[in-house]
Amino acid sequence: MKKIMFIPLLVLAQISFAQTQKQKDSLADEICKTIVETVNLPDTIRLRNAFSKHVSMFVSAYPDSKPDQLVESLFYRLQRNCPEVQKLLANLQPQKGDWAIVDEKPTTVLDNEGCKTFLKYQVYSYLETNGDTVHLEIKNGYWVEHFKDSSYSKLKLKKLNDCEFEIVFVESNNNIRKSFSKPGDKYKYQIVDKKENYFFMSTEVEGQNRFSTFKIYFIKP
């Protein structure tokens, strides 16, 4: 998961918005298309131009809406749904954690018994791409993350085979996670290798042929 610095892209003080998740995803798709079509421009210009072109279409006048929060949540959602934005942001902001974007799904080096050891632990941690530590608990079929600001995310874990599983987003009170994912969104994980104090993992967003690798550290009982 990539936590990025929010870039003020538009002056929206006079506009208020109401939005559904479907509308937000549709707008994110249009912004993504524009970004893909402007590879000849500098990355920051590509972002700014794409938002400027499309955000005004996302309009409904409700006085309680907060445009700055809308644009920020849309920006995080775009990171999930648009691989080109993931690539662009990786270029703009070097990662500090254990994460790396790869073009192909790695092949696990563990046998089935080796992979089975992953779920024998319940307490884990991993590093965000900004270097923050996320504390993770896997228990009773749920993947629960606890963040630096005391917020959390809860996802349902479903085993696919001994070395692969998926987690399905349920809920979160973390500002970034609840903007990035909606209930029912799925993420696939593969256990690639095991070292002395961590598992080397790969992950992908369902429906995208783009993969990331990272480390999950475990605490022995």
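1. Nonpolar core. In this predicted model, the largest nonpolar core has 28 residues, and F118, W143, F165, M201 and I216 touch the most other members. The elements that give two or more residues to this core are β2 (123–127), β3 (133–139), β5 (152–161), β6 (164–172), β7, β8 (198–205) and β9 (211–218). A second core, separate from this one, has 17 residues, among them C32, I35, V85 and L88.

2. M201. Setting aside residues up to four places away in sequence, M201 touches F118, F165, Y189, Q190, I191, V192, S212, T213, F214 and I216. Within the 28-residue core, M201 is one of the residues that touch the most other members.

3. Overall make-up. The chain contains 6 helices and 9 strands. Of its 221 residues, 46% count as buried. Among contacts with a separation of 6 or more, 55% are between residues 24 or more positions apart. The accessible surface is about 11,900 Å², and carbon and sulfur atoms account for 50% of this area.

4. Aromatic pairs, helical part. The structure holds 16 aromatic pairs. One of them joins F51 and F75 in an edge-to-face arrangement, with 5.6 Å centre to centre and 70° between the planes. F51 belongs to helix α2 (residues 43–54) and F75 to helix α3 (residues 67–81), so the pair ties together parts that are 24 residues apart in sequence. How buried or exposed are the two partners, F51 and F75? F51 is buried at a relative accessible area of 0%, and F75 is buried with a value of 0%.

5. Aromatic pairs, strand part. W143 and Y189 make a tilted pair, with centres 5.1 Å apart and planes at 45°. This pair links distant parts of the chain, since W143 is in strand β4 (residues 142–146) and Y189 in strand β7 (residues 186–194), 46 residues apart. W143 is buried, with a relative accessible area of 0%. Y189 has 10% relative accessibility; the limit for buried is under 20%, so Y189 counts as buried.

6. Ring cluster. Which residues are linked into a cluster by ring pairs? The members are W99, F118, Y121, Y124, Y126, W143, F165, Y189, F199, F214 and F218. Of these, F118, W143 and F165 are also among the core residues that touch the most other members.

7. Charges over rings. K154 lies over the face of Y142, at 4.3 Å from the ring centre. For Y198, the charged end of K215 sits over the ring, 4.7 Å from its centre.

8. Helix α1. What span should helix α1 have at 1.5 Å a residue? Its 16 residues (residues 21–36) should span 22 Å, and the end C-alpha atoms are 22 Å apart, which agrees. The buried residues of α1 are K24, D25, L27, A28, I31, C32, T34 and I35. An α-helix has 3.6 residues a turn, so residues three or four places apart point the same way. Two of the buried residues of α1, C32 and I35, are also included in the second core.

9. K188. This residue lies in strand β7 and is partly exposed, with a relative accessible area of 34%. Leaving aside neighbours within four places in sequence, K188 is in contact with F165, E166, S202, T203 and E204. The C-alpha atoms of K188 and L160 are separated by 9.1 Å, the two residues being 28 residues apart along the chain.

10. T38. Is T38, in the loop between α1 and α2, buried or exposed? T38 has a relative accessible area of 17%; buried means under 20%, so T38 is buried. Its C-alpha atom is separated by 9.0 Å from that of A50, which is 12 residues apart from T38 along the chain.

11. Positive phi. Most residues other than glycine have a negative phi. N140 has phi near 55°, a positive value in a residue other than glycine. N140 is placed in the loop between β3 and β4 and counts as exposed at 65% relative accessibility. S150 is not a glycine either, and its phi is positive at about 75°. S150 is found in the loop between β4 and β5 and is exposed, with a relative accessible area of 67%.

Note on methods. Residues numbered from 1 in each chain as written. Predicted model: local features only at pLDDT ≥ 70, side-chain atom pairs only at ≥ 80, totals over all residues. Heavy atoms only, no water. Phe/Tyr/Trp six-rings, centres within 6.5 Å; stacked < 30°, edge-to-face > 60°. Helix = DSSP H or I, 4+ residues; strand = E, 2+ residues; numbered from the N terminus. Buried < 20%, exposed > 50% of the residue type's maximum accessible area, 1.4 Å probe, protein only. Lys NZ or Arg CZ within 6 Å of the ring centre and 35° of its normal. Contact = heavy atoms within 4.5 Å. Areas by Shrake-Rupley, 256 points an atom, 1.4 Å probe, with all protein chains shown as cover. Core = buried A, V, L, I, M, F, W, Y, C linked by side-chain atoms within 4.5 Å. Expected span 1.5 Å × (residues − 1).
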